[in-house]
Amino acid sequence: MRPNDFKSLSDELKPRERMRRASSVRLVDDASLLAVMLETGSNGCDVLELSRRLLKAFGSLTRLVRCDWRELRETIRRYNVAHPEERVLGIGPTKQLELAAAFELVRRGFETSAEDVRNRVVDSSEAAAAIFRRVLEMGDEQENFLVLPLDAKSHPLCEPIRVTRGTLDMSPVHGREVFKDAIRWGAHAVVVAHNHPTGDPEPSREDVVTTRRLVEASAIVGIPLVDHLVLGRDSYVSLRESGQVAF
């Protein structure tokens, strides 16, 4: 899409409509989410193009949301000097403060939530299930596969990480995806979980096969898999406690 083509976009491609239509906001791309926050672009730079340029200026979404308003101002200034043909336009002092305030609120909320999780001890399947349910959306109609990295004292190192998001009855997962995040966090062990959108937590044959493969992968990387939970609507099944897989 060229700058100023925004009005010609079909409704389903516009940022707000993408959010409305998405089954989960997690499925909406970074530029569209940022465009919803920015609301408008400027002459020669529509709001989606502005979002893309802003992400390019910072190099990553992570760096963008970690900045304060002074860093936001200075990074935009340096980027515009280096890229006069595709400048970040329309983000003046007021918009800079608004964005920085939004980013700071998110950081504070995440830090509070993460600190609460890190203070817990995952010494049972019940304790693990409670933590996993914090990040799952009620009524989600797709399977989500999550991993929880633990330290040597069974404290979570972070919130559960969503590894994959699948279809109504399947969330394909590979050992490398699960243990990549575990290695990144320096985990001593991990617990994994996935939800059954039907509400029935009874493990399928594929769940058992997947768990056995993950146990094998855990032995190779040296990070034990403690348990695999299948989360239903109001209950869960621990594959360790059920005896269906040898951990």
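Modeller: A salt bridge is counted here when a side-chain nitrogen of Lys or Arg lies within 4 Å of a carboxyl oxygen of Asp or Glu. The model is predicted, so local features need pLDDT of at least 70 and side-chain atom pairs count only at pLDDT 80 or more, whereas totals for chains, interfaces and linings use all residues. Residues are numbered from 1 along each chain as its sequence is written, and side-chain values use heavy atoms, with hydrogens and water left out.

Colleague: How many salt bridges does this rule count?

Modeller: Side chains of opposite charge can pair when their charged atoms come close. Glu17 and Arg20 form one such salt bridge, and by the rule the count comes to 13.

Colleague: How far apart are the closest N and O atoms of Glu17 and Arg20?

Modeller: Helices are DSSP runs of H or I with at least four residues and strands are runs of E with at least two, numbered from the N terminus. Glu17 and Arg20 are three residues apart in helix H1 (residues 15–21), which means that about one helical turn separates them. Glu17, Arg20 and Arg21 are also linked in a network of salt bridges. For Glu17 and Arg20, the closest N and O atoms are apart by 3.3 Å.

Colleague: With which residue does Glu49 form a salt bridge?

Modeller: Residues count as buried under 20% relative accessible area, as exposed over 50% and as partly exposed in between, with a 1.4 Å probe and protein chains only. Glu49 is buried at a relative accessible area of 13%. The partner lies four residues away in helix H3, about one turn of the helix, is itself buried at 8% relative accessibility, and brings its closest atom to 3.0 Å in the N and O pair; it is Arg53.

Colleague: Which residue meets Arg134 in a salt bridge?

Modeller: The N to O distance of this pair is 3.3 Å. The pair links distant parts of the chain, 25 residues apart, with Arg134 in the loop between helix H7 (125–133) and E1, and its partner in the loop between E1 and E2. Arg134 is partly exposed, with a relative accessible area of 32%, whereas the partner counts as buried at 12%; that partner is Glu159.

Colleague: Within what arc do the buried residues of H5 fall?

Modeller: The expected span of a helix is 1.5 Å times one less than its number of residues, so the 14 residues of H5 (residues 69–82) should span 20 Å, in agreement with end C-alpha atoms that are 20 Å apart. In H5, the residues Leu72, Thr75, Ile76, Tyr79 and Asn80 are buried. Taking the directions from the helix axis to the C-beta atoms, these buried residues line one face of the helix, because they fall within an arc of 130°.

Colleague: Which residue has its backbone nitrogen 2.6 Å from a polar atom of the side chain of Asn195?

Modeller: A polar contact is a pair of N or O atoms within 3.5 Å; within protein, one must be able to donate a hydrogen and the other to accept it, and residues adjacent in sequence count only if both atoms are side-chain atoms. Asn195, in strand E3 (residues 189–195), is buried at a relative accessible area of 7%. Its side chain reaches the backbone oxygen of Gln142 at 3.1 Å, while the backbone nitrogen at 2.6 Å belongs to Asn144.
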